[in-house]
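User: I would like to learn how to read the features of a model like this one, step by step. Could you take me from the overall make-up down to single residues?

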Amino acid sequence: MRRRYPILRALAAQGIALALVALTAFLLVNFARVRLPWALLVLAQAGLAVGIGRRFGLTRWWGIFQALFLPALLGLNALALPPVAYLGAFLVVLLLNWNSFRHGVPLYLTSNAASLRLAELLREQAPEFRFIDLGCGLADPLCQLARLYPKARFTGVETAPLTFALAWLRALPRRNCRIRYRSLWRVPLAQYDVVYCFLSPLPMPALWQKAQAELRPGTWLISNTFGIPGVSPDQEIALADWRGTRLLVWKK
Ligand SMILES: C[S@@+](CC[C@H](N)C(=O)[O-])C[C@H]1O[C@@H](n2cnc3c(N)ncnc32)[C@H](O)[C@@H]1O
């Protein structure tokens, strides 16, 4: 549980923070006749949710969602939107982040700077190299790289339904880029020269096992930011961005 299902841990953190703040407010009103302003209570809940989330092992990124959750909920409530709008928004988020619940990998995108640095790295490859993005999201790096390396072949695999559909459409005009609806765990890796991923800490140990079993000698495994416990990369490139992006390269 500590490593799996971050959404459940995030929800638990929200619930505990809400309960603590509600209890404190209740005690203050009933025993000290002190009524705290709503804004302060919301702020306290957000801060507690972030802190408890960290104690539950959630990464820093989750802190942003944790802090914004209750204020966003109250803000939306104030807009008095029709219920169908909530259902629609929920479905969009669900279909984009399908893998968040089961695999602990939500959708976030490789930055432009990281894609450009990746492109620089790929200069060392032969012109017709084969590249796969495991969990290609909206295909940002794939489309950019496919344009920069017209002779190379790019593949993305994705299983979040809406994410896949958008990536597929984006890659459609690119002759050397294709997107497949397939789990990254079901893709044989032996045919690729470069395997790229930007996932989360959760799948990295299993991904390393898969890479060890399937990658040909000479293949590169590149992970955006997330390392493999106990396995140092052959190359590490730190980008000076707000996310603390690192490109970690293992050369088999
Ligand atoms: C953090 S995003 C990265 C997107 C893209 N690679 C990029 O760098 O912009 C990770 C993506 O992996 C997808 N994903 C997670 N588990 C997957 C699996 N088992 N098979 C295919 N895709 C998966 C998620 O749906 C998500 O879109």
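User: To begin with the overall make-up, how many helices and strands are there in the protein chain?

Analyst: This is a predicted model, and its protein chain holds nine helices and seven strands. The C-alpha atoms fill a box of roughly 75 × 40 × 30 Å along the principal axes, and of the 252 residues 29% count as buried. Among contacts with a separation of 6 or more, 65% join residues that are 24 or more positions apart.

User: Which residues have the most contacts inside the largest nonpolar core?

Analyst: The largest nonpolar core has 39 residues, and those with the most contacts inside it are Phe131, Ala139, Leu142, Val195 and Ile222. Taking Leu142 as a case, and leaving aside its neighbours within four places in sequence, one finds it in contact with Asp133, Cys136, Phe154, Gly156, Ala171 and Cys177. There is also a second, separate core of twelve residues, which includes Ala10, Ala13, Ala46 and Trp62.

User: Leu142 also belongs to a helix, so which residues of helix H7 are buried, and what covers them?

Analyst: In helix H7, which runs over residues 140-148, the buried residues are Pro141, Leu142, Cys143, Leu145 and Ala146. Their cover includes two helices, H6 (112-121) and H8, together with strands S1 (130-134), S2 (153-158), S3 (177-181) and S4 (194-197).

User: How should I read the packing of two helices, and at what angle do H1 and H2 pack?

Analyst: One reads the angle and the axis distance together, and then asks which residues make the contact. Helix H1 (residues 6-32) and helix H2 (residues 38-55) pack at about 140°, with their axes 8 Å apart. Because angles count as roughly antiparallel only when over 145 degrees, H1 is oblique to H2. The crossing of this pair is right-handed. On the H1 side the contact residues include Ala10, Ala13, Ala17 and Val21, while those of H2 include Leu41, Ala44, Leu48 and Ile52. By class, the contact of H1 with H2 has 13 nonpolar, three polar and one charged residues. As general background to such a list, an α-helix has 3.6 residues a turn, so residues three or four places apart point the same way.

User: At what angle do H4 and H8 cross, and which residues meet there?

Analyst: The axes of helix H4 (residues 83-96) and helix H8 (residues 161-171) come within 5 Å and cross at roughly 70°, and the two helices are therefore roughly perpendicular to each other. Val92, Leu95 and Leu96 in H4 meet Pro161, Leu162 and Thr163 in H8, a contact that by class has five nonpolar, one polar and no charged residues.

User: Turning to the backbone, where does Arg33 lie, and what is its phi?

Analyst: The general idea is that most residues other than glycine have a negative phi, which makes the exceptions worth reading one at a time. Arg33 is not a glycine, yet it has a positive phi of about 55°, and it lies in the loop between H1 and H2. Thr225, likewise not a glycine, has a positive phi of about 75° and lies in the loop between strand S5 (220-224) and strand S6 (235-238).

User: Is each of these two residues buried or exposed?

Analyst: Arg33 is exposed, with 7 other C-beta atoms within 10 Å, whereas Thr225 is buried, with 20 other C-beta atoms within 10 Å. The count for Thr225 meets the cut-off, because a residue is buried if 20 or more such atoms lie within that distance.

Conventions
Residues numbered from 1 in each chain as written. Predicted model: local features only at pLDDT ≥ 70, side-chain atom pairs only at ≥ 80, totals over all residues. Core = buried A, V, L, I, M, F, W, Y, C linked by C-beta atoms within 7 Å. Contact = placed C-beta atoms within 7 Å. Axes fitted to C-alpha atoms, helices over the stretch in contact; angles between N-to-C directions. Helix = DSSP H or I, 4+ residues; strand = E, 2+ residues; numbered from the N terminus. Parallel < 35°, antiparallel > 145°, perpendicular 65-115°, else oblique. Left-handed = near helix turned anticlockwise from the far one by under 90°. Nonpolar A, V, L, I, M, F, W, Y, C, P; charged D, E, K, R; others polar.
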